[in-house]
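This report looks at how helices bury one side and expose the other. Take a look at the sequence and the model before reading on.

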Amino acid sequence: PALRSTRFIDLERLEHLATLAIQDCDLATVAECAKLALEDFDRPAQALKICRSASAISGPDAARAQYHLVSADACMKLGDFESAFVQLREVPLGYHDLRFYFASGACAIELREYDLAAELMIQLISDDDFGIEAQWYLGRSWWELGRKDAAISLWQGVRDHDVACGIENHD
């Protein structure tokens with residue numbers, strides 16, 4: 001998709017572009033429009049509306065993966081973790097990237113599936129982009145599973161990282 005920024009487009013035009021993409025059965029552009037509505041305009045309800053309007057469109061696996069990830073992100077921002085989990089299950093195999101594992105783990109925590117959340121978050125701890133947040137979520141999972149000392153140790157690591165980065169106190 002050619003969309004990279006909303007600098008020259010407003011939300012109404014973005015929705016119109018999404019409608020045209022739906023008419024053309026262009027799932028990649030639909031997903032990009034929904035992503036922009038979600039991230040640039042901070043409108044999860046609009047992003048979800050765009051995605052749901054295109055639910056019958058099939059497309060290449062990469063476009064389907066993006067579509068379902070954006071749908072899941074919008075559902076999570078709206079607090080609908082069960083629907084987000086459903087969307088994540090639709091992401092084609094081969095497109096289970098770090099973002100997928102992080103979103104799945106976060107949903108699992110919200111749904112009180114702490115064993116699954118721990119299994120997913122532990123895979124992300126050494127990642128530069130997701131590691132610190134994954135460490136915090138893994139700590140939360142372990143706390144809920146009764147591994148309180150391990151959770152405290154992880155949270156201390158998060159705090160140490162934040163102090164080293166100059167991030168203010170979390171107490």
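Leaving aside its neighbours within four places in sequence, which residues is Cys 107 in contact with? The model is a predicted one. In it, Cys 107 touches Met 76, Phe 81, Ala 84, Phe 85 and Leu 88, with neighbours within four places in sequence set aside.

**The core**

Cys 107 is among the residues with the most contacts inside the largest nonpolar core, together with Leu 14, Met 76, Leu 88 and Met 121. That core has 52 residues. H4 gives the largest share of this core, 9 residues. In soluble globular proteins, nonpolar side chains tend to be buried together.

**Two helices, side by side**

The table lists buried and exposed residues for H1 and H5.

| Helix | Residues | Buried | Exposed, on the other side | Arc of buried residues |
|---|---|---|---|---|
| H1 | 11–23 | Leu 11, Leu 14, Ala 18, Ala 21 | Glu 12, Arg 13, His 16, Gln 23 | 75° |
| H5 | 81–89 | Phe 81, Ala 84, Phe 85, Gln 87, Leu 88 | Glu 82, Arg 89 | 160° |

**Helix H5**

Phe 81, Ala 84, Phe 85, Gln 87 and Leu 88 are the buried residues of H5. They sit on the same side of H5, because their arc around the axis is only 160°. The face turned away from that side carries exposed Glu 82 and Arg 89. What do the buried residues of H5 pack against? Their partners are helix H4 (61–77), helix H6 (98–110) and helix H7 (114–121).

Gln 87 belongs to H5. Is Gln 87 buried or exposed? Its relative accessible area is 19%, so Gln 87 counts as buried, the cut-off being under 20%. Beyond neighbours within four places in sequence, Gln 87 is in contact with Tyr 67, His 68, Ser 71 and Ala 72.

**Helix H1**

H1 has 13 residues, which should span 18 Å at 1.5 Å a residue. Its end C-alpha atoms are 18 Å apart, so the two values agree. Leu 11, Leu 14, Ala 18 and Ala 21 are buried in H1. Seen down the axis, these buried residues fall within an arc of 75°, so they line one face of H1. An α-helix has 3.6 residues a turn, so residues three or four places apart point the same way. On the other side of H1, Glu 12, Arg 13, His 16 and Gln 23 are exposed. The cover over the buried residues of H1 includes helix H2 (27–39) and helix H3 (44–53). After H1 comes Cys 25, with a positive phi near 55°.

Notes:
Residues numbered from 1 in each chain as written. Predicted model: local features only at pLDDT ≥ 70, side-chain atom pairs only at ≥ 80, totals over all residues. Heavy atoms only, no water. Buried < 20%, exposed > 50% of the residue type's maximum accessible area, 1.4 Å probe, protein only. Helix = DSSP H or I, 4+ residues; strand = E, 2+ residues; numbered from the N terminus. Arc of directions from axis to C-beta. Contact = heavy atoms within 4.5 Å. Expected span 1.5 Å × (residues − 1). Core = buried A, V, L, I, M, F, W, Y, C linked by side-chain atoms within 4.5 Å.
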